[in-house]
Amino acid sequence: MAQIGLEPVAQLALYRLGVRLGWYRWRERAIGRGEAAVSSEPHTDWVALPDPEALRSVAGPDGVAEAISLADEIVAGRYRPFGGESSALRLDFPFPHAHWTAYERGAVQIPFSAAGCPYPDIKFIWEPARFGWAFTLGRAYRLSADERYPRTFWRYFEAFCAAQPPFFGPQWMNGQEVALRLLA
């Protein structure tokens with residue numbers, strides 16, 4: 001505690017108390033009932049998009065071709081996790097979902113060693129749900145105006161929402177992962 005100070009330790013203790021007492025579960029139900037102020041107004045003025053011609057000029061013919069090729073892979077159901085080899089884009093979780101606080105408390109474990117588990121580690125569950133592939137689709141759309149790319153994004157987004165209900169499952173147990181998804 002001497003190295004990090006009292007305030008961070010107190011914040012962690014308060015957080016853990018909230019998890020144990022079920023405060024977060026209660027608060028999420030209140031949000032679901034509309035008792036919390038949540039804006040549904042879209043914010044479209046955050047980032048100015050580059051001019052498509054300027055983007056083509058910077059990328060060059062090879063960069064444009066690569067962007068389109070990578071986006072076409074995503075349309076076909078594949079992406080490149082961690083920037084590596086092409087892999088199936090899976091947004092499901094093949095086990096029963098628990099509330100994120102159950103994972104946080106250690107009450108529910110992900111059976112990585114179970115027969116038939118397609119995931120050797122949590123990072124393989126989180127990576128496709130970080131939506132990093134959305135940037136590839138957006139770049140290709142900006143370069144080509146091909147409507148397949150936004151349609152593909154929304155198809156995967158809806159599949160994710162159907163397979164990963166808010167606050168349930170490992171996709172919701174880590175705030176950083178949720179933040180990365182929101183940024184994308």
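Arg29 sits in helix α2, and this is a predicted model. At 46% relative accessibility, Arg29 counts as partly exposed, since that label covers values between 20% and 50%. Let's start with the charged patch around Arg29, then turn to the aromatic rings.

**The positive patch**
- Arg29 has company: together with Arg16, Arg20, Arg25 and Arg105, Arg29 forms a positive surface patch.
- Which elements give two or more residues to the positive patch? They are α1 (6-21) and α2 (23-32).

**Aromatic pairs**
- Searching the whole structure turns up 13 aromatic pairs.
- Phe131 and Phe157 make up an edge-to-face pair, at 6.3 Å centre to centre and with 85° between the planes.
- This pair links distant parts of the chain: Phe131 is in the loop between α5 (122-129) and α6 (133-144), while Phe157 is in helix α7 (residues 148-163), 26 residues apart.
- Are these two rings' residues buried or exposed? Phe131 is buried, with a relative accessible area of just 2%, and Phe157 is partly exposed, at 30%.
- Now for Trp133 and Tyr156: their ring centres are 5.4 Å apart and their planes meet at 70°, so this pair is edge-to-face.
- Trp133 belongs to helix α6 and Tyr156 to helix α7, so to speak two distant parts of the chain, 23 residues apart, linked by the pair.
- Trp133 and Tyr156 are both buried.

**The ring cluster**
- Ring pairs join up into a cluster, and its members are Phe131, Trp133, Phe153, Trp154, Tyr156, Phe157, Phe160, Phe167 and Trp172.

Notes. Residues numbered from 1 in each chain as written. Predicted model: local features only at pLDDT ≥ 70, side-chain atom pairs only at ≥ 80, totals over all residues. Heavy atoms only, no water. Patch = residues over 30% accessible without salt bridge, like charges linked within 9 Å, V, L, I, M, F, W, Y side chains within 5 Å. Areas by Shrake-Rupley, 256 points an atom, 1.4 Å probe, with all protein chains shown as cover. Salt bridge = Lys/Arg side-chain N within 4 Å of Asp/Glu carboxyl O. Lys, Arg positive; Asp, Glu negative; His and termini not counted. Charge placed at Lys NZ, Arg CZ, Asp CG, Glu CD. Helix = DSSP H or I, 4+ residues; strand = E, 2+ residues; numbered from the N terminus. Buried < 20%, exposed > 50% of the residue type's maximum accessible area, 1.4 Å probe, protein only. Phe/Tyr/Trp six-rings, centres within 6.5 Å; stacked < 30°, edge-to-face > 60°.
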